[in-house]
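Trainee: Could we go through this one together? I would like to learn how the labels people use are backed up by numbers.

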Amino acid sequence: MGEIGEKGIAGEGEETCINERLRDDELRAVLVKLETDKDKEVFGLVCKKWLYLQSTERKKLCARAGPHMLRKMAARFTRLKDLDLSQSASRSFYPGVTDSDLSVIATGFTALRLLKLQNCKGITDAGMVAIGSGLSSLQSLDVSYCRKLTDKGLSAVTDGCHDLKSLHLAGCRFVTDTLLKSLSKNCHNLEELGLQGCTNITDTGLTALVDGCKHITHLDVNKCTNVGDLGISVIAEACSISLKTLKLLDCYKLGDKSIFALANHCKNLETLIIGGCRDISSDSIKSLVATSQTLKILRMDWCLNVSDASLNCILSQCSCLEVLDIGCCEEVTDAAFDGLRNPEFHSGLKVLKVSNCPKITVLGISMVLEACRSLEYLDVRSCPNVTKAGCEEAGLRFPEGCKVNYTGSLVEPDVLN
């Protein structure tokens with residue numbers, strides 16, 4: 001963006017202010033055409049009037065502020081749609097976000113659509129009641145790790161925010177099936193639901209949920225240890241067309257029935273996390289692979305019954321697969337990669353994790369490299385037969401830019417979490 005000046009030239013030797021020539025709606029039209037946030041910030045530096053116009057057009061804000069400052073912000077950012085007041089998980093900001101702050105938000109930011117309050121440990125049900133009564137247009141709420149919240153406050157949100165499409169409640173340990181029943185009754189447009197670590201959620205709640213919420217695309221029940229085959233089977237059937245992401249990490253009650261249900265009903269599944277589900281067998285995995293051609297991310301670490309044959313099916317049949325985690329599947333051998341030997345076969349796999357697989361050797365890794373030329377991250381930690389020296393001795397050539405984690409010194413990609 002070029003330099004902007006408040007004054008312009010009206011005629012020879014005569015100056016006029018651009019604000020006298022352009023109406024507010026015309027200046028807003030100029031602002032809307034600016035593509036980058038930096039250019040929009042520069043627009044606001046011209047003069048107080050342009051700063052005011054820039055503020056009123058702002059749609060997104062990330063801040064930490066008390067009630068007094070929030071009131072000022074509400075007066076300034078009148079068209080705000082997205083507000084993020086999340087706190088750091090590792091640091092405490094005293095006094096942090098409080099119920100008083102949420103009361104100000106509920107009355108001052110009435111156009112709000114997205115509200116993020118992650119790790120705001122000071123808020124209680126009273127704050128949620130205020131949100132439910134004041135933000136009827138709210139579509140997305142993230143209160144992950146707000147550990148004081150219960151069904152009472154969150155049900156007030158579902159009672160007042162019928163347009164809710166996304167609700168994330170990771171770590172809200174007091175949430176029960178009662179909330180899922182309220183969601184089913186009030187929020188029929190719900191698409192994303194995050195319940196990680198909500199251990200009071202059961203099959204009864206999931207069954208009630210899909211009575212009214214039949215368009216769920218993303219469901220995270222990681223570490224919901226009371227969820228079993230019945231609940232997941234009902235979800236698979238009710239949301240067969242919409243479901244794209246399903247996270248079931250450490251749901252140890254799950255078995256083959258859940259996977260067969262996904263295979264029979266969910267043809268658009270893209271992400272499946274079943275790490276730690278130790279009762280799942282190769283037979284159900286093969287069935288899923290045969291019918292789920294859209295699968296992109298598959299995490300199945302600690303699935304101890306997974307065989308070479310089932311992994312062969314995954315690698316050869318899942319043409320869209322980009323991420324695969326088979327860490328700690330101790331019976332897997334190099335034979336799992338035999339299907340990659342076809343010289344005409346090329347996999348789009350970008351991330352592969354085979355850590356703690358003691359029977360995999362450099363030979364198996366060489367087969368992976370031949371077929372997976374887009375590989376960006378390979379984790380071979382605690383594989384005694386795959387070392388850096390061994391790979392170099394065998395002359396293995398990794399794709400340019402591929403990070404190989406031999407010892408745990410590299411950070412895992414976010415897609416594995």
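Mentor: Let us take some labels one by one and check each against its cut-off. Keep in mind that this is a predicted model.

Trainee: What does the protein chain contain overall, and how much of it counts as buried?

Mentor: The protein chain has 16 helices and 16 strands. Of its 417 residues, 50% count as buried. Among contacts with a separation of 6 or more, 77% join residues 24 or more positions apart.

Trainee: Why are helix 11 and helix 12 called roughly parallel?

Mentor: Look at the angle. The axes of helix 11 (residues 229-238) and helix 12 (residues 256-265) cross at roughly 5° and come within 8 Å. Angles under 35 degrees count as roughly parallel, and therefore these two helices earn that label.

Trainee: Which residues meet there?

Mentor: From helix 11 come Asp229, Ile232, Ser233, Ala236 and Glu237, and from helix 12 come Lys257, Ser258, Ala261, Leu262 and His265. Sorted by class, this contact has four nonpolar, three polar and three charged residues.

Trainee: Which residues of helix 11 are buried, and what do they pack against?

Mentor: The buried ones are Asp229, Gly231, Ile232, Ser233, Ile235 and Ala236. They pack against helix 10 (203-212), strand 9, strand 10 (245-247) and helix 12.

Trainee: What makes helix 9 roughly parallel to helix 10?

Mentor: Use the angle again. Helix 9 (residues 177-186) and helix 10 pack at about 10°, with their axes 7 Å apart. With the cut-off at under 35 degrees, helix 9 is therefore roughly parallel to helix 10. On the helix 9 side, the contact includes Leu180 and Leu183, and on the helix 10 side it includes Leu206 and Leu209. The classes here are five nonpolar, four polar and three charged residues.

Trainee: What is unusual about a positive phi?

Mentor: Most residues other than glycine have a negative phi. Asn119 has a phi near 60°, a positive value in a residue other than glycine. Lys223 also has a positive phi, near 60°.

Trainee: Where do Asn119 and Lys223 sit?

Mentor: Asn119 is in the loop between strand 5 (114-116) and helix 7 (125-134). Lys223 is in the loop between strand 9 (218-220) and helix 11.

Trainee: How do you know whether Asn119 and Lys223 are buried or exposed?

Mentor: Compare their relative accessibility with the limits: buried is under 20%, exposed is over 50%, and partly exposed is in between. Asn119 has 10%, so Asn119 counts as buried. Lys223 has 39%, so Lys223 counts as partly exposed.

Trainee: Why does Ser292 count as buried?

Mentor: Its relative accessibility is 1%, and because the limit is under 20%, Ser292 counts as buried. Ser292 lies in the loop between helix 13 (282-291) and strand 12 (297-299). Leaving aside neighbours within four places in sequence, Ser292 is in contact with Cys266 and Cys318. The C-alpha atoms of Ser292 and Asn268 are separated by 7.0 Å, although these residues are 24 apart along the chain.

Trainee: What is the volume of the second largest pocket, and which residues are closest to its centre?

Mentor: The volume of the second largest pocket is about 250 Å³. Of the 16 residues that line the second largest pocket, Gln196, Asp220, Asn222, Lys247 and Asn417 are the closest to its centre. The lining divides into five nonpolar, seven polar and four charged residues.

Notes:
Residues numbered from 1 in each chain as written. Predicted model: local features only at pLDDT ≥ 70, side-chain atom pairs only at ≥ 80, totals over all residues. Heavy atoms only, no water. Axes fitted to C-alpha atoms, helices over the stretch in contact; angles between N-to-C directions. Helix = DSSP H or I, 4+ residues; strand = E, 2+ residues; numbered from the N terminus. Parallel < 35°, antiparallel > 145°, perpendicular 65-115°, else oblique. Contact = heavy atoms within 4.5 Å. Nonpolar A, V, L, I, M, F, W, Y, C, P; charged D, E, K, R; others polar. Buried < 20%, exposed > 50% of the residue type's maximum accessible area, 1.4 Å probe, protein only. 1 Å grid on protein atoms, 1.4 Å probe; cavity = no way out; pocket = protein on both sides within 12 Å on 5 of 7 lines; lining within 4 Å. Points joined across faces, edges and corners; volume = space filled by probe spheres on them.
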